[in-house]
Amino acid sequence: MSALLAVDALRAGYGETVVLEDISFAVEPGQVLAVLGRNGVGKSTLMETILGFTTVHAGTVSFEGTPIQQWPTFRRNRIGIGYVPQEREVFPSLSVEENLLVASRTGGWQAADVYELFPSLSQRRHSFGSTLSGGEQQMLAIARALMGGPKVLILDEPMEGLAPIVVEKLYESLVRLRDRSHIAMILIEQHAELALSISDQAIVLDRGRIVHRGSARSLLADGTLRDSLLGLAREVQNPSPGEQHDASHGTHAL
Ligand SMILES: Nc1ncnc2c1ncn2[C@@H]1O[C@H](COP(=O)(O)OP(=O)(O)OP(=O)(O)O)[C@@H](O)[C@H]1O
Ligand SMILES: [Mg+2]
């Protein structure tokens, strides 16, 4: 049987510039894959390639056995690839509920399901997107992706810039999502230990290539290997003095 999502011998980048080389991995329904790596190694580029925002030079991206690497983004969304980009995308001038409704689709989630997963969004359902905290914006961005009824949900650094208490809440929601649905997740995260603790498999990228693959459990258990792959600095580079309230913080290290 074909994998839900499979990437095979992928070479991709931006126009002529090749960022990713020889990337292969597969995700099955209900599985969580952690994608780890230092800044600028190509994690977001890989997700953008799955969504169709980059140039594919070689290799395939397949969804349930169908090659989709030439498909436009909206078609990939429609077959079940949900995406929460690194820059949380919510409409500032719409309420939480309106943000959800514009993202809804036949066969997708209902607002009530979303509110169950994220109770704090329920409390803020009539607030404008612009008035939400960074954590609430992130929950709303994930919730909007769920309204489309994804089979695989791609999350690009969902915890970035959030205060530890908010990270914990979001993490609990992702665990609930993992346990209550068959949605597969691809989780890019700087908080490696946190990501590994909710993932089944892990890949580590370095300069556009996969330099490690294996079970999340084994990488979680091997701190020395983790440090050599990700660098000792990673676990301490994140503390932010407070929660970030600006939704448009997504500055890639270009
Ligand atoms: N739009 C773009 N055009 C050209 N090059 C880009 C573009 N976006 C990213 N790059 C380059 O691609 C490489 C990989 O960047 P990418 O954003 O995928 O890394 P990342 O692993 O997601 O980093 P971070 O952890 O900082 O989010 C970098 O060298 C970056 O400069
Ligand atoms: Mg990135």
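What follows is a short conversation about a predicted model, its two ligands and two of its helices.

Colleague: Let's start with the metal. What makes Ser44 and Gln86 donors to the magnesium ion (ligand 2)?

Modeller: The ion is coordinated by OG of Ser44 and OE1 of Gln86, at 2.0 to 2.4 Å. A donor has to be an N, O or S atom within 2.8 Å of the metal, so both atoms qualify. Water is not among the atoms, so the site may look incomplete.

Colleague: Why do you say that the pair ties together parts of the chain?

Modeller: Ser44 sits in helix H1 (residues 43–51), whereas Gln86 belongs to the loop between strand E6 (81–84) and helix H3 (96–102), so the pair links parts that are 42 residues apart in sequence. As for their surroundings, Ser44 and Gln86 are both buried.

Colleague: Thr45 also lies in helix H1. Why is Thr45 called buried?

Modeller: Its relative accessibility is 7%. Buried means under 20%, so Thr45 counts as buried.

Colleague: And what makes the pairing of Thr45 with Tyr14 a polar contact?

Modeller: Their side chains are joined at 2.8 Å. The cut-off for a pair of N or O atoms is 3.5 Å, with one able to donate a hydrogen and the other to accept it, so the pair fits.

Colleague: Now to ligand 1. Which residues are the closest to it?

Modeller: There are 16 residues around ligand 1, and the closest are Asn39, Gly40, Lys43, Ser44 and Thr45. Helix H1 gives the largest share of this shell, with 3 residues. By type, the shell has 8 polar, 5 nonpolar and 3 charged residues.

Colleague: How do you know that Val41, Ser44 and Gln190 make polar contacts with ligand 1?

Modeller: A backbone N or O atom of Val41 is 3.2 Å from an oxygen atom of the ligand. For Ser44, a polar backbone atom is 2.9 Å from a ligand oxygen. Gln190 uses a side-chain N or O atom, at 3.2 Å from an oxygen of ligand 1. With the limit at 3.5 Å, these pairs therefore count. Taken alone, ligand 1 exposes 640 Å², and the protein buries 75% of that.

Colleague: One last thing: what are the buried residues of helix H10 (residues 223–230)?

Modeller: They are Arg226, Leu229 and Leu230. These residues cover an arc of only 80° around the axis, so they lie on the same side of H10. Thr224 and Ser228, both exposed, are on the face turned away from that buried side.

Terms used:
Residues are numbered from 1 along each chain as its sequence is written. Chains are lettered from A and ligands numbered from 1 in the order in which they are written. This is a predicted model: local features need pLDDT of at least 70, side-chain atom pairs count only at pLDDT 80 or more; totals for chains, interfaces and linings use all residues. Side-chain values use heavy atoms; hydrogens and water are left out. Donors are N, O and S atoms within 2.8 Å of the metal (3.2 Å for Na, K and Ca); water is not among the atoms, so sites may look incomplete. Helices (H or I, at least four residues) and strands (E, at least two) are DSSP runs, numbered from the N terminus. Buried means under 20% relative accessible area, exposed over 50%, partly exposed in between (1.4 Å probe, protein chains only). A residue is near a molecule or strand if one of its heavy atoms lies within 4 Å of it. Accessible areas come from the Shrake-Rupley method with a 1.4 Å probe; for residues, only the protein chains shown count as cover. Ala, Val, Leu, Ile, Met, Phe, Trp, Tyr, Cys and Pro count as nonpolar, Asp, Glu, Lys and Arg as charged, and the others, Gly among them, as polar. The arc is that of the directions from the helix axis to the C-beta atoms.
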